[in-house]
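Reader: I'd love a close look at a single strand in this model and at what surrounds it. Could you walk me through that part in one go?

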Amino acid sequence: MSQSVENYLLEPAKVREFLAGDPRAIAPLILGGVLTHHSEAGPVSVRLTEVEAYMGPRDSEHPDPGSHTFGGPTPRNAPMFGPAGFLYVYFTYGMHYCANIVCGPDGAASALLLRAGEIVEGEGLAALRRPASKAHKDLASGPARLASALGLTTADTGRDALAEPFSLWLPRTPAAAVASGPRVGVAGPGGSTDYPWRFWIEDDPTVSRYKAAKARNRTPAT
């Protein structure tokens, strides 16, 4: 990987401490960070360019009607209630996986949905996993594409993103131009301008296109 390690915070303990905060504050600071999965097929690394913050149940300090946790704990969303730095991967629309990094203190549900990024290592393997992508910028442009490029499935939910076969490097310097707005594909109040919890690097070609949810499809994005 061509990224200079001097530009990143690498120590898992310090990264986990950082992730134990509020995901809405973490989101703009994690942009430019690099998540790597060393699978049996080889490593793939993605530089994060777009994320969405999600919070907790309706009876929590920060209720979020767009979150999978809004109705309370379930076997599916259990990782979101766990310690920071672990993966929450879910299957959606009967065909796609989407990956989150759990944030906040243990027991307080919150996470960042990894919406888009740039493949910075393992482009050949990512392209094999994403044969429909026609250009480098499209390989991880969207949460399903990103999870697919990294080779993530629900078998990875609950695994530690800060330990082998994963690693997460945090940028020591925040991205120069970060924008925020409503989350993508979230129906109901959680997808309104009252929840401007999607963050992205402005003018980055890998950022996904914004699409509002249709009112009849009330499926939270995370």
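Author: Strand β5 is mostly covered in this predicted model: of its seven residues, five are buried. The strand spans residues 96-102, and N100 is found in it. N100 is a good place to pause, because its relative accessible area is 0%, which is under the 20% that marks a residue as buried. The side chain of N100 also has a polar partner: one of its polar atoms lies 3.4 Å from the backbone nitrogen of L113.

Now for the neighbouring strands. On one side there is β4 (residues 87-92), which pairs with β5 in the antiparallel sense over six bridges. Within that pairing, Y88 stands opposite N100. The two strands, β4 and β5, make a hairpin with three residues between them, and Y93 in that turn has a positive phi of about 55 degrees. There is a second partner as well: β5 and β6 pair in the antiparallel sense, this time over three bridges. One contact point of that pairing is V102, whose bridge partner in β6 is A111. The residue range of β6 is 111-121.

A helix belongs to the picture too. Helix α4 covers residues 143-150, and its buried residues are P143, L146, A147, A149 and L150. Looking down the axis of α4, these buried residues fall within an arc of 165 degrees, so they line one face of the helix. An α-helix has 3.6 residues a turn, so residues three or four places apart point the same way. What covers the buried residues of α4 includes β5 itself, along with β2 (34-39), β3 (42-54), β6 and α3 (123-129). Just after α4 comes G151, with a positive phi near 75 degrees.

Finally, here is a glycine to set against the strand. G33 sits in the loop between α2 (23-30) and β2. G33 and I101 are 68 residues apart in sequence, and their C-alpha atoms are 12 Å apart in space. G33 is buried, with a relative accessible area of 0%. Leaving aside residues up to four places away in sequence, G33 touches Y8, V46, R47, L48, W169 and P171.

To put the strand back together: β5 pairs with β4 over six bridges and with β6 over three, and β5 is among the elements that cover the buried residues of α4.

Terms used:
Residues numbered from 1 in each chain as written. Predicted model: local features only at pLDDT ≥ 70, side-chain atom pairs only at ≥ 80, totals over all residues. Heavy atoms only, no water. Helix = DSSP H or I, 4+ residues; strand = E, 2+ residues; numbered from the N terminus. Buried < 20%, exposed > 50% of the residue type's maximum accessible area, 1.4 Å probe, protein only. Polar contact = N/O pair within 3.5 Å; in protein donor to acceptor, adjacent residues only side chain to side chain. Arc of directions from axis to C-beta. Contact = heavy atoms within 4.5 Å. Pairing = 2+ DSSP bridges.
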